[in-house]
Every structure is written in C-alpha cells, then in structure tokens.
Amino acid sequence: MAEVTEMFSAPLTFNWTLSYRCNFVCEHCYSRDEECPELAIQDIKRVVDILVEQQVPFINFGGGEPLIRKDLYEVAEYASKRGLNVSMNTNGWLLDEVAAQRLKDVGFKSVGISIDSSEASVHDAFRNMPGSYEKAVRGLDALRKVGLKSTMSSVISRINYQAFRELLDLAREHGVNQVYLHNFKCSGRGLKNREELDLTPAEWQAFYLEALAVKHQTDDLTISFDDPVIASLPEYQEKTMVKGSSCGKLSLHLRPNGDITPCGFIPVVVGNILKEDFEKIWFDSPVLKAMRAKEATGKCAGCSAFDDCQGGCTARAFATTGDFNQPDPHCWK
Amino acid sequence: MNNPLRSPDIVWRVEKRRQAEVLKALEAGEDVDDSGTVILLQSGMMHQLNLVGGLIWQQCDGQQTLAAIAAELAREFSVEQEEVESDVDEFVTDLKERGWLING
C-alpha cells in the first residue's frame, strides 16, 4: 500500500499504559522496572478528548496492571461514552465477578487475560505469584458469566512453546473465542531473562509452522499472531493492513504521563499528547518516519522476504542492536 | 423500515486528509475511483470505500431513504438524481449482502 500516512490520519489503536504499577513481577515483563509519573483523571479525560478528536477508534489499556488504578472504570466510561472502543489486558488477579460486571457496565468491549501455561504451577512460577493461574481462570469465568467478551493472551517462550495446544484447549474450556499467541519481546525483564526464555530462530520457525497448521485446522477459535517475522513463511497467507510491525503505523503507545512511544516495547518518546500537536507527531516524527520506511540492512539486504516482513519486529531489533533497521533476531532466514 | 443502516459491528472513520486530497484530484480531472477515503474495520480486516461509496456510507444512518441518499449525492456532484439512483441502489444492495449495511 501507499505510505501509511497517505491513508491514515491517525493510528487505529492506542495501547495505553495508565500506570506502570503492578502486583506481579513476571519473568518477561517489559515494564516492571519502568517508573513514570501518572496523569490525574482530568488530564486523562483530556487525552481521551484528543483521541476522539483525532478519530482514533480503539484504545487498549495495558500496563502495569490496569485494574490497579481505581479510576480505570471512570476513564473507560468516559471514553466509551465518547465513542471509543475500549478494551484492556489484565493479569486477572483483581478480576472477580463484581469487577467483571463493572467493566461491562462502563462499556468495555472486551477484556484479555494473560495466561502462559495450562499448568497452574508453571504459570504461577513464570508470574512469580502463587495462585495467579487460579485467579486468571476465575477471571475468564467471571467475564463469561457477565457476558463480556474475553480473549486470552499467551506470550510464547521456552516455558510453553511446545504446549500451546493445551493453552487453546484451556481457552475453549472457559468460553474464550480468541487467543493471542504473542511473540516474546526482548525488552525490560524480557531482555534480562532472554537466555532462559527466548527460543532460537530455528525453534521460532518450527513453532510458527506448527501453530499455523493448527490455526488452519481450527474453526472454533480465532488464533492470532502479532509477529511480523511470520510473514516470511510461505504458509502465512493472511492479508494484513500493513507490512512489517504495525507499531507506528496502525498503533501507538501512551505512557502514564502522556508521552507517546511507537509501541510499549520501544522506549523512544516521539512527543507528548498533552503538550504537542498530535498531527505533527503522527505525520512528522523522524522516528515514526524511520520505522515506516525501514531499510533492508545486514542479512535483510537482498532477502526475498523483506517486502513482506520488513525486517520483522522493529522492537526486537531495536532492543538488541539499538537500530530499527537491523534484522529481527528471531529471523530464521 | 428498509432504510440502509450501518452495521454496529463495523468500526469506521472518514480519512479527512485523504478525502481532501481525493477531492482535489477529482477537481483536476483525475480518476479517483480506486482511491479510498473511508475505512471500515471488521474482525481485524480493513476495507476501504472510495469517495462516492464513502459519501453514501456516511448517509446510511437508518433515517435516509435510498431516494434521499441519491438526492444528496446528486447535489454533491451537481448531477441529476436519476443519474445516480441506480449506483446508490447497487452499492447499498452489495453492502447489505456483505452484512455491512442492515435494514434500519
């Protein structure tokens, strides 16, 4: 397609971290060591107003743990009443039936819960929180009971890549219709713990081939991947809105103080939504421009897959090399 | 009522900057039939409507009859209503078949 900004006057999604505070210390977390001042509710509503004005259709609260902020409900209600489609990702610890009903009442369209293993002990150890599996599953059931759409997010790593089918079965058992098999990011604690958690490129290739085969045979569950490196596989036939990473093209990330980064995994601030003109950031940011027009570097130069994968995950390349244009370290080619 | 209504399952927006550019190109006599100005998002898929389709789409609020939509389109492009009626009818029928429009 033509240059992203020729078509899109704003991103489709803002992934919004209201707070980096969290009740968990997960092994892979990109943000556990982040510290950032948080906006007051009045300023958060101003941010919502800007997003509405810019016609951003979706916001997804992440974190940190979104439910840590007591005014999440007020924020979500304000945003949904102004026409935004509101969702979030949570670890599920604070998500009982009362909370699920409140989330539904204030207009959440869907809620995603992170579950990394169908074995409670494995999940709890990964999340460094005894009892977290049970509460996460209870959260899924609570969402089902109140009639709020649930999704399940599983970050693929060495602890679960050979047992992803069991995760799909777990989703089925608890009324989940969509499972995100997220790719492992080498950011924050994910970078520190990379050696224990990350797969080798050959293992990633084998995982995706297997997962794609399962996806093609599955019709009762939507299985989603968000990893641009997968586009280099001929078996991957999905039509995506943009080539390569979607961050900076279809989505942006908001930090708790209103700073904008291309995505949560790239700690490069391109502006502040409350202090600068959003359109200037979206159309003119040199960082965003560079991410939208990546140059084939290293082994990507001359690679026949580059047109499709655009060098793979920009966040991973940046985290490991400091350069957006370097090849994704997960690439098997 | 059979007035066309946008499906609530579809998220959409007018790409205003894009639309302005397409209008400019139209005034310059360029063919803009394949230039999207409205995006529709459904189940993770994006579809685009061109200028004419986008203008029809924006009027499909369940209140406007096909004739009223055609009249508005004719006024927008300074043509006779009869000239656009069949286009409007065809477009709305197509989008109803896709489930993007429903009966209001």
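Helix axes are lines fitted to C-alpha atoms over the stretch in contact, and angles run from 0 to 180 degrees between N-to-C directions. The structure is a predicted model, in which local features need pLDDT of at least 70, side-chain atom pairs count only at pLDDT 80 or more, and totals for chains, interfaces and linings use all residues. Residues are numbered from 1 along each chain as its sequence is written, chains are lettered from A in the order in which they are written, and side-chain values use heavy atoms, without hydrogens and water.

In chain B, helix H2 (residues 51-59) packs against helix H3 (residues 66-77) at an angle of about 135°, the axes lying 10 Å apart; helices here are DSSP runs of H or I with at least four residues. H2(B) and H3(B) are therefore oblique to each other, the class left once angles under 35 degrees (roughly parallel), over 145 (roughly antiparallel) and 65 to 115 (roughly perpendicular) are set aside. Among the residues in contact (heavy atoms within 4.5 Å) are B:Leu55 and B:Ile56 of H2(B) and B:Ile69 and B:Leu73 of H3(B).

Chain B also meets chain A, in a contact of 15 residues from chain B and 17 residues from chain A. About 1,300 Å² is buried between the two chains, with carbon and sulfur atoms giving 61%; this is the accessible area (1.4 Å probe) lost on being put together, summed over both parts. One salt bridge is found across this interface, where a side-chain nitrogen of Lys or Arg must lie within 4 Å of a carboxyl oxygen of Asp or Glu. A:Glu279 and B:Arg17 form a salt bridge through their side chains, at 3.5 Å from N to O.

Notes: Helices (H or I, at least four residues) and strands (E, at least two) are DSSP runs, numbered from the N terminus.
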